[in-house]
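Me: I would like a close look at one part of this model, the contact between the two chains. Please set it in context before going into detail.

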Amino acid sequence: MKKRFNKSALIMGLYILFLMLPIYWLINMSLKTNNEILGTFSLWPQNLTFANYMVIFTDPSWYWGYINSIIYVVMNTVISLAVALPAAYAFSRYNFMGDKHLFFWLLTNRMAPPAVFALPFFQLYSSVGLFDTHIAVALAHTLFNVPLAVWILEGFMRGVPKEIDETAYIDGYGFFRFFAKIFTPLIASGIGVAAFFCFMFSWVELLLSRTLTAVDAKSIAATMTRTVSASGLDWGVLSAAGVLTIIPGALVIYFVRHHIAKGFALGRV
Amino acid sequence: MKTVNQKAWFLVLPVLLLVGFSAVIPLMTVVNYSVQDTFGNNVFYWVGLEWFEEILHSERMHNALGRQVIFTTIIMLIEIPLGIFISLHMPQKGVWASVCLVLIALPLLIPWNVVGTIWQIFGRIDIGLLGYSLNALGIDYNYVQNATAAWITIVIMDVWHWTSLVVLLCYAGLQSIPDAYYQAAKIDQASRWNVFRYIELPKMMGVLLIASLLRFMDSFMIYTEPFVLTGGGPGNVTTFLSIDLVKMAIGQFDLGPAAAFSLIYFLTILLISWVFYTIMTNIDKREGI
């Protein structure tokens with residue numbers, strides 16, 4: 001028993017080392033000056049500096065990138081959950097005309113490559129005057145987040161026995177009161193997981209958010225890739241920006257860590 | 001059993017309206033472009049299936065598709081077995097389980113362009129740990145100029161980025177196996193391999209299918225990471241379907257061919273995903289969920 005544990009620990013250790021090494025290198029870079037990055041090769045910063053981070057916190061074109069990203073990510077999460085909750089309930093509880101086809105059709109939107117939609121989105125949102133607004137990116141991201149949220153929530157709702165609904169209706173609860181007072185608390189962890197996934201996929205996406213924004217709603221991802229192409233390469237600041245994008249993700253993971261495995265299985269374990 | 005209730009349509013209506021706006025209208029635009037040509041000034045005329053024929057016979061599309069299929073096959077052959085293997089060695093409970101979960105999930109939450117940046121820096125021969133060490137060992141490695149090195153870097157980057165997804169899914173599957181199964185296996189003196197083959201693997205089938213479906217879809221539409229890391233180069237060797245499509249649609253503004261390309265691309269993914277999905281729902285039904 002003891003021996004097997006050690007072998008497992010070794011394998012896990014190696015895997016986590018493989019995952020952490022590139023991230024460590026990014027942090028390492030972000031704490032060096034550009035002279036040091038290009039001049040000497042060292043495993044840790046020789047002259048520790050926070051100047052790269054200060055650039056980001058003091059330059060509006062950098063820190064607005066983060067604010068813009070967070071605004072549209074939150075908008076997207078709220079919209080996605082608001083429409084996905086009733087739909088998931090319908091799919092998990094009732095048979096209705098065309099339900100199976102509808103469900104698969106929803107999923108096909110998750111399978112649509114964003115590259116296919118980049119140009120039509122640009123034209124659609126330009127023509128209705130939403131180009132370069134947060135809501136445009138939030139709506140565009142519902143393309144893949146709504147199907148995913150419906151899928152996850154449906155999986156969680158299937159786990160709640162139908163008898164609970166029936167008992168509540170017999171006790172005189174109306175649909176909306178039942179949904180808010182009884183059903184929602186029962187699938188709270190499912191809602192948390194769905195929110196987590198909407199947050200995650202909206203946060204990591206680059207192509208659509210870059211195509212749909214120019215100045216006012218420019219996302220941090222777009223800011224980073226444009227810096228690369230425009231003004232040569234400022235490795236230190238770029239690394240610092242990268243490190244700062246990892247932090248929100250790490251925080252959210254910590255909060256949902258007990259449900260994350262089930263969530264990745266889309267509630268189907 | 002579920003009851004039949006047509007009023008359930010009202011609950012689905014908001015989703016339909018939203019997805020109708022954000023998916024159907026743009027898709028119709030694409031269909032519209034795919035059968036028309038223009039000389040500018042917003043004057044379009046009907047060309048029928050010409051663009052489809054052109055794209056289906058174009059070498060550029062064939063090459064991009066070939067690269068895409070090779071890439072998806074390689075990363076799935078690595079990530080699925082590796083993910084199963086790692087998940088079998090995850091600690092089951094306690095503080096370490098939480099720590100491992102958080103650390104393993106971390107790469108999944110990093111914005112895709114930052115994943116590209118991380119590997120761009122990590123692999124560079126002058127400032128990156130990987131590139132510098134390999135060259136110090138006398139291995140000729142430079143992902144900017146060497147096609148093989150670029151491919152290896154992209155594959156390793158994808159394994160780094162997404163193996164954790166397979167691990168987490170398998171881990172969730174393993175957690176759902178009751179202890180009694182293992183005790184029975186112990187009484188029968190089953191070998192480690194037999195426990196895996198007859199208890200763990202069947203229980204993981206469902207989540208493994210979800211993992212394969214997700215990995216297939218996402219790797220088939222990969223754009224951001226190779227775009228940041230290599231920009232499709234050196235030359236064209238890492239230009240996958242999405243990169244090629246964006247070049248065609250937004251770079252060169254060839255609306256007709258790009259639209260035809262889009263539809264063929266989308267339908268290919270749909271077809272393969274539909275096969276996965278059908279197998280998946282059949283398994284769900286057999287288990288009576």
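What is the mean pLDDT of chain A, and what share of its residues reach 70 or more? Then take me through the place where chain A touches chain B.

Reply: This is a predicted model, and confidence comes before geometry. Chain A has a mean pLDDT of 85, and 92% of its residues reach 70 or more. Its confidence is lowest in helix α14 (residues 260-264), where the mean is 67. The highest value in chain A belongs to α4(A), at 92. Chain B averages 86, with 97% of the residues at 70 or above. In chain B the low point is strand β3 (residues 44-46), at a mean of 77. The high point of chain B is helix α3 (residues 59-88), at 92. For the complex, the predictor gives an ipTM of 0.85 and a pTM of 0.87.

Next, the frame of chain A. Its secondary structure comes to 14 helices and one strand. The C-alpha atoms of chain A fill a box of roughly 75 × 65 × 30 Å along the principal axes. Chain A has 269 residues, and 46% of them count as buried. Take the contacts in chain A between residues at least 6 apart in sequence: 79% of these join residues at least 24 apart.

One helix pair shows how chain A packs internally. Helix α4 (residues 60-93) and helix α7 (residues 134-158) of chain A have axes 6 Å apart, at an angle of about 40°. The two helices are therefore oblique to each other. Their crossing is right-handed. By class, the contact of α4(A) with α7(A) has 20 nonpolar, eight polar and two charged residues.

Now the interface itself. Chain A puts 82 residues into the contact, and chain B puts in 76. On the side of chain A that touches chain B, helix α1 (residues 2-30) gives the most, with 14 residues. By class, that side of chain A divides into 66 nonpolar, 11 polar and five charged residues.

Zoom in on one helix pair across the interface. Helix α6 (residues 114-127) of chain A meets helix α11 (residues 241-251) of chain B; their axes come within 9 Å and cross at roughly 15°. The cut-off for roughly parallel is an angle under 35 degrees, so α6(A) is roughly parallel to α11(B). The crossing of α6(A) past α11(B) is right-handed. From α6(A), the residues in this contact are A:Ala115, A:Val116, A:Ala118 and A:Leu119. From α11(B) come B:Ser242, B:Leu245, B:Val246, B:Ala249 and B:Ile250. The residues of this contact divide into eight nonpolar, one polar and no charged.

A residue of chain B also reaches across. B:Ile269 sits in helix α12 (residues 255-286) of chain B. Leaving aside neighbours within four places in sequence, B:Ile269 is in contact with A:Met111 and A:Pro113 from chain A, and with B:Met217 and B:Phe220 from chain B. B:Ile269 counts as partly exposed because it has 19 C-beta neighbours inside 10 Å; the cut-off for buried is 20 or more. B:Asp218 is 51 residues away from B:Ile269 in sequence, and their C-alpha atoms are 10.0 Å apart.

For contrast, take B:Gly116. This glycine belongs to helix α5 (residues 112-123) of chain B. B:Gly116 is buried, because 27 other C-beta atoms lie within 10 Å. Again leaving aside neighbours within four places, its contacts are B:Thr224, B:Glu225, B:Phe227, B:Val228 and B:Leu229. B:Gly116 and B:Ile154 are 38 residues apart in sequence, with 9.1 Å from C-alpha to C-alpha.

Finally, two loop residues deserve a check of the backbone. Most residues other than glycine have a negative phi. A:Asp132 has a positive phi, near 65°. This residue lies in the loop between α6 and α7 of chain A, so that loop follows on from the helix α6(A) described above at the interface. With 16 C-beta neighbours inside 10 Å, A:Asp132 counts as partly exposed. B:Gln189 also has a positive phi, near 55°. B:Gln189 is in the loop between α8 (179-187) and α9 (192-220) of chain B. B:Gln189 counts as exposed, because it has 7 C-beta neighbours inside 10 Å.

Definitions and conventions
Residues numbered from 1 in each chain as written. Chains lettered and ligands numbered in written order. Predicted model: local features only at pLDDT ≥ 70, side-chain atom pairs only at ≥ 80, totals over all residues. Helix = DSSP H or I, 4+ residues; strand = E, 2+ residues; numbered from the N terminus. Buried ≥ 20, exposed ≤ 12 C-beta atoms within 10 Å, placed from the backbone. Contact = placed C-beta atoms within 7 Å. pLDDT = per-residue confidence, 0-100. Axes fitted to C-alpha atoms, helices over the stretch in contact; angles between N-to-C directions. Parallel < 35°, antiparallel > 145°, perpendicular 65-115°, else oblique. Left-handed = near helix turned anticlockwise from the far one by under 90°. Nonpolar A, V, L, I, M, F, W, Y, C, P; charged D, E, K, R; others polar.
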